[in-house]
Amino acid sequence: MSADSSQQLFDKAARIIPGGVNSPVRAFGSVGGSPFIAEKGEGPWLHDVDGNRYVDYVMSWGPLILGHARKSVVEVVAETARRGMSFGAPTRNELDLAALVRERMPWIEKLRLVSSGTEACMTAARVARGATGRRIVVKFDGGYHGHSDGFLVKAGSGLATGNLPASAGVPEEITKVTASLPFNDIPVLEKTFADTGDDIAAVIVEPIAANMGVIPPAEGFLEKLRELTEKHGAVLIFDEVITGFRVAPGGAAELFGIKPDLVCLGKILGGGLPIGGVGGKAELMDNLAPVGSVYQAGTLSGNPLSTAAGIATLRELGDPGVYQHLEQYAEELTGAVAELASKHEQPIQINRKASLFTLFFSECEVTDFDSAQAADMKRYAEFFHSLLKQGVFVAPSGFEAWFVSTAHTRVQLELTTDAIETFVREL
Ligand code: PLP
């Protein structure tokens, strides 16, 4: 009997798992078609059950900065698992990982490990509200901070006040304590703080937005955020779930030289296994139970396997050559795309900061959520399928970053530029 194909497995999955997937974007909803079923990963390659091999730019949506199944990580996870997979008691690994994080990000004086980026952001908001005694948390349109109720809020017509739930099941009451502002808009930020600054518990921001495609901060935007939060006694939270350990050893805070009060981490921190972390100033972090009165807990928090994978990953990232490699790859790839776009007279905007980048099919510069939404997503869907057919797996949504790993080399770079050229030439 022959093995099931991706299509057969996905059809079966859809009968037992909502939409056939355990996280919506995996379903190819915004590009059409149905997803392949992953079989295994090797370095920069992802193999599906149909026998296809792809250059992978999804890389599990960011955690796999060392590539798939990196030997040093796999071995330490296997060895750790043999000694027990969870204890519900403190372990040495938690201490070692926290110490490594503090070494890279000295503004993280204390760190609490959780099991996902969602939990990290949810906890950061609770700490900020608990510490300040205030209610309002400000986020930015198009920013993503996980799927907790408080962050599933989109801007309504009234900027800071008239917000709307971004999902069914989120009570309207919750949207009243979250404000969503346009990213990179300093005047709106100033006005919001002038009007309601003393009610704001925290501002949470992806310092390089990476969930509406990659959008770097405008000149002075993060500096203004730091200045206003400090002036009004609000907590500045950098959500570095994507950027942490990727754009520099110390993340975007290091890259831009701005110290946040709290940082949310995830993805790379767990080297491919589930993890999240919230860290920052000791005086804020000590609001958490059991020291303080802000409650937070987790059965599998600081899990030995995730922390082992995280330690192995962060140790390898201790080599500065890693960041040079990632950035050079991104620079060469986006440079090649810019040349192709100009040669074939195609309107492609390339947004890049360090090794994080996105291509937008648009005539206009992309600087915020509105301009990201104005890009041609139908064209992106065609691009996605053309690349997939040619053995290159990019995100099945035009609002995502491309993720490069240390395992990506010239072989993958050439394959990718050839595939993009084929697509652009045929337009
Ligand atoms: N914050 C950012 C910036 C993210 O990109 C994500 C997930 O993609 C999250 C938070 C939520 O992390 P998780 O999916 O681990 O819950």
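This is a short walk through one predicted model, taking in a small sheet, a ligand site, a buried strand, a helix residue and a few unusual backbone spots.

Let me begin with the sheet. It is an open sheet of 4 strands, and if you read across it the order is 1-2-3-15, with mixed pairing. Strand 1, which covers 38-42, and strand 15, which covers 392-393, stand at the edges with a single partner strand each, so one side of each of them is left without a neighbour in the sheet. Going inward from strand 1, we find that strand 1 and strand 2 pair in the antiparallel sense over 4 bridges, and that strand 2, residues 45-48, is then joined by 3 bridges to strand 3, residues 53-56, again running antiparallel. Strand 1 and strand 2 form a hairpin with 2 residues between the strands, and in that hairpin Gly 43 takes a positive phi near 55 degrees.

A good residue to hold on to here is Leu 46, which is found in strand 2. Which residues does Leu 46 meet on the two neighbouring strands? On one side, Leu 46 is the bridge partner of Gly 41, while in strand 3 the residue opposite Leu 46 is Tyr 54. Leu 46 has a relative accessibility of 8%, and because the cut-off for buried is under 20%, Leu 46 counts as buried. If we leave aside its neighbours within four places in sequence, the contacts of Leu 46 include Phe 36, Ala 38, Lys 40, His 68 and Phe 393. As one last distance for this residue, Leu 46 and Tyr 57 are 11 residues apart in sequence, and their C-alpha atoms are 9.4 Å apart in space.

Now to the ligand. Around the ligand we find Ser 116, Gly 117, Thr 118, Tyr 144, His 145, Gly 146, Glu 206, Asn 211, Asp 239, Val 241, Ile 242 and Lys 267. Sorted by class, this shell has 3 nonpolar, 6 polar and 3 charged residues. Which atoms come within polar contact of the ligand? Among them is a polar backbone atom of Gly 117, which is 2.8 Å from an oxygen atom of the ligand. From the side chains, an N or O atom of Asp 239 is 2.7 Å from a nitrogen atom of the ligand, and an N or O atom of Lys 267 is 2.9 Å from an oxygen atom of the ligand. Taken alone, the ligand exposes 380 Å², and the protein buries 82% of that.

Asp 239 also leads us to the next element. Strand 10 covers residues 235-239, and 3 bridges join strand 10 to strand 11 in a parallel arrangement. At that pairing, Ile 237 stands opposite Leu 262 of strand 11. Is strand 11 buried or exposed? In strand 11, residues 262-266, 5 of the 5 residues are buried, so the strand is largely enclosed by the rest of the structure. The cover is on both faces, with Leu 262, Cys 264 and Gly 266 buried on one side, and Val 263 and Leu 265 buried on the other.

Next, please find Thr 307, whose place is in helix 10, residues 304-316. Thr 307 has 0% relative accessibility and therefore counts as buried. A polar atom of its side chain lies 3.1 Å from the backbone oxygen of Pro 304. Beyond its neighbours within four places in sequence, Thr 307 is in contact with Asn 93, Glu 94, Leu 97, Leu 113, Ile 275 and Gly 302.

I will finish with the backbone in three loops. The loop between helix 9, which is 282-285, and helix 10 holds Pro 290, and the peptide bond from Ala 289 to Pro 290 is cis, with omega near 10 degrees. In the loop between helix 1, which is 6-14, and strand 1 lies Phe 28, which has a positive phi of about 65 degrees although it is not a glycine. Phe 28 is buried, with a relative accessible area of 3%. Asn 184, found in the loop between strand 8 (178-181) and helix 6 (186-196), is another residue other than glycine with a positive phi, here near 70 degrees. At 15% relative accessibility, Asn 184 also counts as buried.

Terms used:
Residues numbered from 1 in each chain as written. Predicted model: local features only at pLDDT ≥ 70, side-chain atom pairs only at ≥ 80, totals over all residues. Heavy atoms only, no water. Pairing = 2+ DSSP bridges. Buried < 20%, exposed > 50% of the residue type's maximum accessible area, 1.4 Å probe, protein only. Polar contact = N/O pair within 3.5 Å; in protein donor to acceptor, adjacent residues only side chain to side chain. Contact = heavy atoms within 4.5 Å. Near = heavy atom within 4 Å. Areas by Shrake-Rupley, 256 points an atom, 1.4 Å probe, with all protein chains shown as cover. Nonpolar A, V, L, I, M, F, W, Y, C, P; charged D, E, K, R; others polar.
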